[in-house]
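Here is a friendly walk through one model, meant to be read with the structure open beside you. Please keep the viewer handy as you go.

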Amino acid sequence: MARTVTTQRKIVTTLVAWGIGLLIFFPILWTILTSFKTEAQAIADPPVWFFFDWTLENYRVVQERSNYSRFLWNSIIIAGGSTLLGMIVAIPAAWSMAFVPSAQTKNILLWMLSTKMLPAVGVLYPIYLIFIQLGLLDTRVGLTIVLMLINLPIMVWMLYTYFKEIPGEILEAARMDGAGLREEILFVLTPMAIPGIASTILLNIILAWNEAFWTLNLTAARAAPLTAFIASYSSPEGLFYAKLSAASTMAIAPILILGWFSQKQLVRGLTFGAVK
Amino acid sequence: MGQIVLEQVTKSFGDVTVIPPLDLTIEDGEFAVFVGPSGCGKSTLLRLIAGLEDVTSGEIRIDGKECASIPPARRGLAMVFQSYALYPHMTVRKNIAFPLRMAGFDRAEQDRRVEQAAAVLNLTDYLDRRPGQLSGGQRQRVAIGRAIVREPAAFLFDEPLSNLDAALRVGMRLEISELHNRLQTTMIYVTHDQVEAMTMADKIVVLRAGHVEQVGSPLDLYRAPRNLFVAGFIGSPKMNLIEGEEAVKHNATTIGIRPEHISISESEGRWSGIVGVSEHLGSDTFFHVHKTGLADSITVRADGEVGFKHGARIHMTPRDDMIHRFDEKGLRIA
Amino acid sequence: MSTKASRSAARLMLAPAVILLLGWMLVPLTLTLIFSFQRFLPMRGGFQGWVGFENYVRFVTSSAFWPSVQATVVIVGGVLLITVTLGILLAILLDQPMWGQGVVRILVIAPFFVMPTVSGLVWKNMFMDPNNGLLSHLWRFFGADPIIWLSDASMLSIILIVSWQWLPFATLILLTAIQSLDSEQLEAAEMDGAPILSRFWHIILPHLSRAITIVILIQTIFLLAIFAEIFVTTQGSFGTRTLTYLIFQRVLESQNVGLGSAGGIYAVILANIFALFLMRIVGKNLDR
């Protein structure tokens, strides 16, 4: 709205909004702060805020005791791998539906969406059984495949809505200009689709990174990613707040940063293009 | 070089027939304009020729070669789209060079032809910009540049000027006509604007619901519209169409008389009526005359200096040799 | 665009995705359906014969069933109420002109990116712990007895944790929807003399109705399936055993696969009811 708002009102709005924003963010902030405290300071009453002896000890202990880097590596492989694999399948599918729609396109899209609605718990045992049979239980390969499959509908949908926005006339122009299917995809479609593809990749890494049903139920020691690593803190011994905080901070930091880049895409991806 | 022949071409989308069997020949070097109201199938026809849609039945021959199985890329045609369809991620230079790159020309030849086209189209200063940084008219010129570097057998234009403002449209119209005069290449131009059709075409193809209503030179169509539809569509302002008693006097169901073929007088004339809105264009004045007993409103052209007040009674006389007669089916009576 | 050659290429490109998802849906679902008609206890003898609909009857007549339905409804309903109401208010607030809007947005959205196990454990230990949690400190500061959150107010705790995670989602979507509201519409209403409250009721809220519906449907589908938050906090005790958690326990903890599978089929049916509504809305959107 191109109207000047009174400074007074803007100050009030700013204060209220920042207050609420900080309140909502507080648990994360507190976790990050606590990760730099000693265990004694972590549970101190009254709480210590900023003036304590900042220490990196917790990060060192977490890494040493639980081999954090292995879990991190599992998370990276699983989230990255499932996204990559998914994109290989999703890009051609979304491309074909966006640019060569047929009478069934709408039904196929909605059916894909419906597979995303399938409650995981309803198919937990069969998947568990199949994993045992195929020797996939507690392997990164198995988890990568499952996460790829559960996120595939979102990937196809997101890409579809992005591709839909590329005007068909441009692809026709390429065809008229003498481009074959290969050149059309390579020189025209791909460069124009890259922003959409990047956003889709981003959102799916986030979703795969945070997935906590299959990662908890299909892994044990070997393939467990960070979600499962953190869950191991649910039955702790002794003082552990600072260490829990350090572990948590390490687990969420990469995704918080990625997430901030993907706010807009989040809306589109999670509402299947219904809200843009 | 660029003769295009359509023989018994049809197109249906599912159960909907967009083009019933249609025959048409466009000669080499001709500037043909497909004109008609929206939804008349003119764009579909163009896309069939381009190969962007498959014909349902019938044959399209370009220079005598049947091309149903030839993909658009290899038909040797170039197309300028309504939305310009420029590649947003490429500079103007790369946009224009794209068809050359696809055809496998070497860099030197690509550059030579791009520079040449850019010079013709006044784009030399903009070669390193992206389409997003250009105005509508400049984008239009880039799209044309991309088409001419290929030296195609024929150009296809799909309502290329409809996204431009009025002043630019007139300018681009002249540029395209100029281009045709210089290249002497076949051009097929689709528009819903009869002014564009009249001013640019060698041959106008008037389409309605996929049917060819009339084919001819602009003046043929102006002088002798074959039916009421063409009569109403070609010419601006529209031809006055009069039914009833006055038409019977001329042994016709409907008669038509163009606004420019009616003379106007304060005191005497064959018809009379009350002046409603008058549009002063400077060079001409158009009066919309009511209560004539002929039709709801009769449009009359007069000299720019002529002025009548709203509500004044005036008299009109049509030029008898310019009255068009139509029968009960709406067809012209010769 | 749609020539024969491009159509067959398109079908080929679509095939892998369709086949994969078809397999992912049909194979496990068929197995679940088969198991649900069996007496199947992998740890105690495995397959023990076909039992017809016995598992379906037993699942709904077991003493755990209705409490789990109740827990599910309370959690889903509570979280929806909190996130949608606060989400609308927050979206309107964030749409106002202010300094540092971008930063505030980031602060508000952040919880969505926290993995469920982390948010569950951080809330459970660092905030809701009766001895050392920050909330207990706060209560004691005001001289009150700390609440033993996860046992005495277990439902409220879970609702609070899950709402904190999903509020950003609701806010973000509603904010996007508000920003698409034509400001001329609001200005027209202002010219017509509509006061702020009636502008909210008659223009903003109707404009948001579709976005609100979408938020409700999508959240419902995800909330019906929440698992990790309960897994790391109460483990389903203190009345927080939802339908999802109950099925999980039947299948993996007590390894009564037949019974759990019957429950799974119930869950699939339940989710499909909501999915149907969501798909109708999304489908309409596709036609535009």
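In chain B, 62% of the contacts with a separation of 6 or more are between residues 24 or more positions apart. Two residues are in contact here if their C-beta atoms, placed from the backbone, lie within 7 Å. Before going further, please note that this is a predicted model, in which local features need pLDDT of at least 70, side-chain atom pairs count only at pLDDT 80 or more, and totals for chains, interfaces and linings use all residues. Residues are numbered from 1 along each chain as its sequence is written, while chains are lettered from A and ligands numbered from 1 in the order in which they are written.

Chain C can be set beside chain B in a small table.

| Chain | Contacts at least 24 apart, among those at least 6 apart | Buried residues | C-alpha box along principal axes |
|---|---|---|---|
| Chain B | 62% | 42% of 334 residues | roughly 75 × 45 × 35 Å |
| Chain C | 70% | 44% of 288 residues | about 75 × 75 × 30 Å |

A residue is buried if 20 or more other C-beta atoms lie within 10 Å of its own, exposed if 12 or fewer, and partly exposed in between, with C-beta atoms placed from the backbone.

**Chain B: strands and two domains**

Chain B holds nine helices and 18 strands. Helices (H or I, at least four residues) and strands (E, at least two) are DSSP runs, numbered from the N terminus. A good strand to look at is β3 of chain B, residues 31–35, where five of its five residues are buried. On one side of β3(B) sit B:Phe31, B:Val33 and B:Val35, on the other B:Ala32 and B:Phe34, and all are buried. In a regular strand the side chains alternate between the two faces of the sheet.

Which strands pair with β3(B)? One is strand β8 of chain B (residues 186–191), joined in the parallel sense over five bridges. Strand β9 of chain B (residues 203–208) also runs parallel to β3(B), with four bridges. Two strands pair if DSSP finds at least two bridges between them. B:Phe34 has a bridge partner in β8(B), namely B:Val190, and another in β9(B), namely B:Val205.

The domain assignment, which is automatic or comes from a database, splits chain B into domain 1 (4–231) and domain 2 (241–326). Their centres, taken over C-alpha atoms, are separated by 38 Å. The contact involves four residues of domain 1 of chain B and five residues of domain 2 of chain B. On the domain 1 side, three residues are nonpolar, one is polar and none is charged. For this sorting, Ala, Val, Leu, Ile, Met, Phe, Trp, Tyr, Cys and Pro count as nonpolar, Asp, Glu, Lys and Arg as charged, and the others, Gly among them, as polar.

**Chain C: helices and a buried serine**

Chain C has 13 helices and two strands. Its radius of gyration is 24 Å, whereas a compact globule of 288 residues would come near 19 Å. That radius is taken over C-alpha atoms, and the globule rule is 2.2 Å times the number of residues to the power 0.38.

Helix α8 of chain C (residues 154–179) contains C:Ser163. Why does C:Ser163 count as buried? Because C:Ser163 has 21 C-beta neighbours inside 10 Å. Beyond its neighbours within four places in sequence, C:Ser163 is in contact with C:Val79, C:Ile82 and C:Thr83.

**Chain A meets chain C**

Between these chains, 88 residues of chain A are in contact with 89 residues of chain C. Helix α1(A) gives the most to the chain A side, with 16 residues. That side divides into 65 nonpolar, 19 polar and four charged residues.

The largest nonpolar core has 262 residues, and A:Ala94 and A:Val156 have the most contacts inside it. Such a core is a set of buried Ala, Val, Leu, Ile, Met, Phe, Trp, Tyr and Cys residues joined through C-beta atoms within 7 Å. Helix α7 of chain A (residues 140–164) gives the most to this core, with 17 residues. Setting aside neighbours within four places in sequence, A:Val156 is in contact with A:Ala90, A:Ala93, A:Ala94, A:Met112 and C:Ala17.
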